[in-house]
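Hi,

Here is the structure I promised to pass on. Have a look at it first, and my notes follow underneath.

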Amino acid sequence: MRTPGGKSSGGKAPRAKSSGAKSSGAKTARAKQSGNGLSARWAAARENAAAGRLERERERERVREERLAATRRPPVRGLLRGVIMLIAFACMVVFATMLAKVTLVPSPASVSLVHANFHPGASIRAYFDQPDWHVTLKEVGGNVLLGLPFGLLLPVLFPKTRGTVRVVVATAFVMLCVETVQGTMVVGRAFDVDDVILNTAGALLGYLLIGWKLGRTVHPRRVHWWHRRGDAVSP
């Protein structure tokens, strides 16, 4: 059948089909391109995540190696270590003897002059308030020096006491026992809590100056099992 314009009306259907096929083909191509782009983005994201995990693993391995290197410092071993501990033990014996003579020897002539002090800081203020600085230096400095060997020798002879808090606690406990015996059993002596404070301060000073270094040299830090396991992992 022809239209008034002389064209057949039956030719429109094939053109419509062809147009629809082209449209669906374009949509399919765009969908494929979109899918390919999404896949590429996912692949790039996975690669970035894998690279990030690898970088973090390398950083952890580097930190682990640095820690292991710190624990691999050449320690003092064998005969030299025994000699150092023997010298430290001899020094501790000498120090204990001197401490006993200074604190536990009776002084009958001082019975009327000494009195117990249970108030922290009272004796220290009295030392600084009196005019003779020689007496102040003798009492304050002497008590500080008396505690100094604790900070030097305890970390060497007793590795469990290494650490600022442990040295302070151990020294305070020992000196508290000494002051208690001094105040209850020794004639002419009295308990003074400020002596414990000054002795402990001396031990802390000795530990911070060189005691921690001596303790770590003679008794190096242990390599824990998780460090050993990390060392076995290849970088």
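The contact between α5 and α6 is where I'd start: from α5, T164, V167, V168, T171, A172, M175, L176 and E179 meet D195, V196, N199, T200, A203, L204, Y207 and L208 of α6. Sorted by class, that contact holds ten nonpolar, four polar and two charged residues. Bear in mind throughout that this is a predicted model.

As for the geometry, two packed helices are described by the angle between their axes and the distance between those axes. Here α5 covers residues 164–185 and α6 covers residues 193–218, and their axes come within 9 Å and cross at roughly 145 degrees. The crossing of α5 past α6 is right-handed.

Stepping back to the whole chain, there are seven helices and zero strands. Read along the sequence, the pattern is simply α-α-α-α-α-α-α. Of the 235 residues, 24% are buried. The chain exposes about 16,400 Å², and carbon and sulfur atoms supply 66% of that area. If you take the contacts between residues at least 6 apart in sequence, 78% of them join residues at least 24 apart.

Now the record. An unreviewed UniProt entry lists residues 79–100, 140–158, 165–184 and 196–215 under "transmembrane region". I looked at two of those stretches in the model. Residues 140–158 are 95% helix and 0% strand, with the end C-alpha atoms 27 Å apart. Residues 196–215 come out as 100% helix and 0% strand, and there the end C-alpha atoms are 24 Å apart.

A few single residues are worth clicking on too.

What does L214 in helix α6 touch, once its neighbours within four places in sequence are left aside? L214 is in contact with L152 and V156. Its C-alpha atom is 7.2 Å from that of P155, although L214 and P155 are 59 residues apart along the chain. L214 sits in helix α6 and counts as partly exposed because its relative accessible area is 34%, between the 20% and 50% cut-offs.

F158 lies in the loop between α4 (133–157) and α5. From F158 to G215 is 57 residues in sequence but 8.7 Å in space, C-alpha to C-alpha. F158 is also partly exposed, since its relative accessible area is 45%.

Then there is the loop between α2 and α3, which holds S107. Leaving aside neighbours within four places in sequence, S107 is in contact with V187 and G188. S107 and R189 are 82 residues apart in sequence, with 6.8 Å between their C-alpha atoms.

A109 is found in that loop as well, between α2 (78–103) and α3 (122–129). The C-alpha atoms of A109 and G188 are separated by 6.8 Å, while the two residues are 79 apart along the chain. Is A109 buried or exposed? A109 is exposed, because its relative accessible area of 68% is over the 50% cut-off.

If you want one view to begin with, show α5 and α6 together and colour the residues that meet, including M175 in α5 and Y207 in α6. After that, pick out S107 with its contacts V187 and G188, and L214 with L152 and V156.

Cheers

Methods: Residues are numbered from 1 along each chain as its sequence is written. This is a predicted model: local features need pLDDT of at least 70, side-chain atom pairs count only at pLDDT 80 or more; totals for chains, interfaces and linings use all residues. Side-chain values use heavy atoms; hydrogens and water are left out. UniProt positions are given in the numbering used here, feature names are shortened, and annotations may be inferred rather than shown by experiment. Helices (H or I, at least four residues) and strands (E, at least two) are DSSP runs, numbered from the N terminus. Buried means under 20% relative accessible area, exposed over 50%, partly exposed in between (1.4 Å probe, protein chains only). Contact means heavy atoms within 4.5 Å. Accessible areas come from the Shrake-Rupley method with a 1.4 Å probe; for residues, only the protein chains shown count as cover. Axes are lines fitted to C-alpha atoms, for helices over the stretch in contact, and angles run from 0 to 180 degrees between N-to-C directions. A crossing is left-handed if the near helix is turned anticlockwise from the far one by less than a right angle, and right-handed if clockwise. Ala, Val, Leu, Ile, Met, Phe, Trp, Tyr, Cys and Pro count as nonpolar, Asp, Glu, Lys and Arg as charged, and the others, Gly among them, as polar.
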